[in-house]
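Me: I've got a new model open. Can you walk me through the fold and the pockets?

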Amino acid sequence: SPDVDPADEEAAISLQASTIDGERLYTCTESEALVYRLPDFEQLARVSLPLFNDVHHVTPTRAGTMLVASAGLELVVEVTLDGDVVRLWNVLGEDPWERFDPDVDYRHVSTKPHRGHPNYVFHLGDEPWATRFHQGDAVSLTDPSRRIPVSDRRIHDGIVAGGRIHFSVVDGTIA
């Protein structure tokens, strides 16, 4: 797949949500997923795919792949560190390409308005979940009928810690 140079004038370069897993930092810009070794910040992987639009979060899986929240396409993408797509989930339960064309490079275009806007990906056991900004909930990627209603406000993160899930709301409160 073509690679986007973050120094390019049109490239989105803001950093979004990150995950630290052992000695690895998984982070993202709006159009790429990055993996660094800590503490020296040696870059281990950089993945930029045409379906990465308004990327909000990246987290590792137990299988060694990454889950990437591509909010602009309403997707969570499972991808290898080499950039091979393993699986796509539309967070609205729709066909991933119902609204978008798989042959378009979405890294430099606006796809707003977003209807689901997955912000953050987390695991409950082996089950991947994603927060949905507009719905104020978290939804199971493997069974979209399973959801956790969180707030009537727009939520962002879903941090699993101490046997609980802590959700942040974009106004700075914790739900």
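Reply: First, a term: strands here are DSSP runs of E, at least two residues long, numbered from the N terminus. Also, this is a predicted model.

Me: Fine. How many helices and strands does the protein have?
Reply: It has 0 helices and 14 strands. Along the sequence, the pattern reads β-β-β-β-β-β-β-β-β-β-β-β-β-β.

Me: On to pockets. How much space lies in the largest pocket?
Reply: About 510 Å³. The lining has 22 residues, and those closest to the centre are Thr59, Pro60, Val121, Phe122 and His123.

Me: Which elements give two or more residues to that lining?
Reply: Strand 1 (19–21), strand 5 (55–60), strand 9 (118–124) and strand 13 (155–161).

Me: And which strand gives the most?
Reply: Strand 9, with 4 residues. Val121, Phe122 and His123, listed among the residues closest to the pocket centre, fall within its range of 118–124.

Me: What's the lining like by class?
Reply: It has 11 nonpolar residues, 7 polar and 4 charged.

Me: Switching to the whole protein. What share of the residues is buried?
Reply: Buried residues make up 48% of the 175. Buried means under 20% relative accessible area.

Me: What about the surface? How much area does the protein expose?
Reply: About 8700 Å². Carbon and sulfur atoms supply 48% of that area.

Me: Last one, contacts. What share comes from residues 24 or more positions apart?
Reply: They account for 38% of the contacts with a separation of 6 or more.

How values were computed. Residues are numbered from 1 along each chain as its sequence is written. This is a predicted model: local features need pLDDT of at least 70, side-chain atom pairs count only at pLDDT 80 or more; totals for chains, interfaces and linings use all residues. Side-chain values use heavy atoms; hydrogens and water are left out. On a 1 Å grid over the protein atoms alone, a cavity is a set of points where a 1.4 Å probe fits but cannot get out, and a pocket is an open set with protein on both sides within 12 Å along at least five of seven lines; lining residues have an atom within 4 Å of a point. Grid points are joined across faces, edges and corners, and a volume is the space filled by probe spheres set on the points. Ala, Val, Leu, Ile, Met, Phe, Trp, Tyr, Cys and Pro count as nonpolar, Asp, Glu, Lys and Arg as charged, and the others, Gly among them, as polar. Buried means under 20% relative accessible area, exposed over 50%, partly exposed in between (1.4 Å probe, protein chains only). Contact means heavy atoms within 4.5 Å. Accessible areas come from the Shrake-Rupley method with a 1.4 Å probe; for residues, only the protein chains shown count as cover.
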